[in-house]
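Work through the exercises below with the sequence and the coordinates side by side, and try each task before reading its solution.

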Amino acid sequence: MKVPFVTFKPLEKELDTELRGAFERVYENSWYIEGEEGKKFEEEFAAYCGVKHCIGCGNGLDALFLILKASGIGEGDEVIVPSDTFIATALAVSRTGAKPVMVEPHLLTYNLNADKIEEKITERTKAVMAVHLYGQPADMDAICEVARLHHLRVFEDAAQAHGALYKGKRVGGLADAAGFSFYPGKNLGALGDAGCVTTDDDELAAKVRVLSNYGSDYKYHHIYQGYNTRLDELQAAFLRAKLPTLDKVNEDRRSTARKYLEGIRNPKLILPYVDWDLYTPVWHIFAIRTSERDELIAYLKEKDIQTNIHYPIAMHNQQAYQELGIAKGSLPICEEISDTEVSLPMYYGMQEETDYVIQALNDWC
């Protein structure tokens, strides 16, 4: 059996009529930027996340950048970020002129460790950017408690966690603002690049919207030196077609994750940890760990099972961030995760494929 790491076909087949209808609707209207589709998606996604505002933009990186920029963060400032994440989290900080300060994750959850934040806070620290990595929410109460003590703002990088719950509340409304990516591979994915900002902060929302549209509050009137990063009508229409299915998609992924967690019994493999009383993950990535990663990947490849690694080079070891002067070995937990993580196939519609992966993993010796 051939098992891809990810495929969009099962969901796209189910939503074929809706997706084609979304395209036709936009095409017939001949309105492609800042139209009704974008407005309606913003309203619908804000309601889904339980927040007052959703502002569409071009991609997830832009969403994080706009949050930081609208919050006044810039040259000379510092923003705390988890060391174990995709580089976009840090790039958003760097793009403002501020410095990303990397903090170790929990080895169990891979998310930002609130206990390690305080030691990295300086007089220049302005905010904490928490990432809900792999679709499991970060421990936002603990993170926000530390931030409040030091008068810091807290933002969510929710790019991998659409619909995830923390103590019964959806991500996107757990802090001052959140940035989402709708890259096609996300649990809620467009058919191209797209993103958004969610927040309950009226002032922040208004500034994000203006900054995203050339700094213009109305046509040809510019109050900031802004940017061009807007959610186009076609992607908004596709997202509107998919949003009603998001909870079903997430539950399907949870079902696959439960099968993995209950079925994988190989002692050479470390499985994800979840406190089910506090978290309801959406399993954007199902990440396991092993000290024999190369051997496992080669073995699964022979079985026609595709895998991935998130992320093979720790962010502080990337050439792009050598300027920070963080020596290899300085963030050992992050590096251990980077050296041992393997992502298993995870997508909507997995059935017998899940059983095949489990059997292969248990047979590996």
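**Exercise 1.** Leaving aside its neighbours within four places in sequence, which residues is Ile143 in contact with?

*Solution.* Before starting, note that this is a predicted model, in which local features need pLDDT of at least 70 and side-chain atom pairs count only at pLDDT 80 or more, while totals for chains, interfaces and linings use all residues. Residues are numbered from 1 along each chain as its sequence is written, and side-chain values use heavy atoms, with hydrogens and water left out. Taking contact as heavy atoms within 4.5 Å, one finds Leu112, Ala114, Ile117, Val128, Ala130, Ala138 and Val154 around Ile143.

**Exercise 2.** Place Ile143 in its nonpolar core.

*Solution.* A nonpolar core is a set of buried (under 20% relative accessible area, 1.4 Å probe, protein chains only) Ala, Val, Leu, Ile, Met, Phe, Trp, Tyr and Cys residues joined through side-chain atoms within 4.5 Å. The largest such core has 68 residues, and Ile143 is, with Phe45 and Phe182, among those with the most contacts inside it. Apart from it lies another core of 32 residues, including Leu64 and Met102.

**Exercise 3.** Describe the open sheet that contains β6.

*Solution.* Strands are DSSP runs (E, at least two residues) numbered from the N terminus, and two of them pair if DSSP finds at least two bridges between them. The three strands follow the order β7-β6-β12 with antiparallel pairing, and the edge strands, pairing on one side only, are β7 (169-170) and β12 (279-280). Between β6 (residues 165-166) and β7 there are two bridges; Tyr166 has Lys169 of β7 as its bridge partner.

Key. Helix = DSSP H or I, 4+ residues; strand = E, 2+ residues; numbered from the N terminus. Buried < 20%, exposed > 50% of the residue type's maximum accessible area, 1.4 Å probe, protein only.
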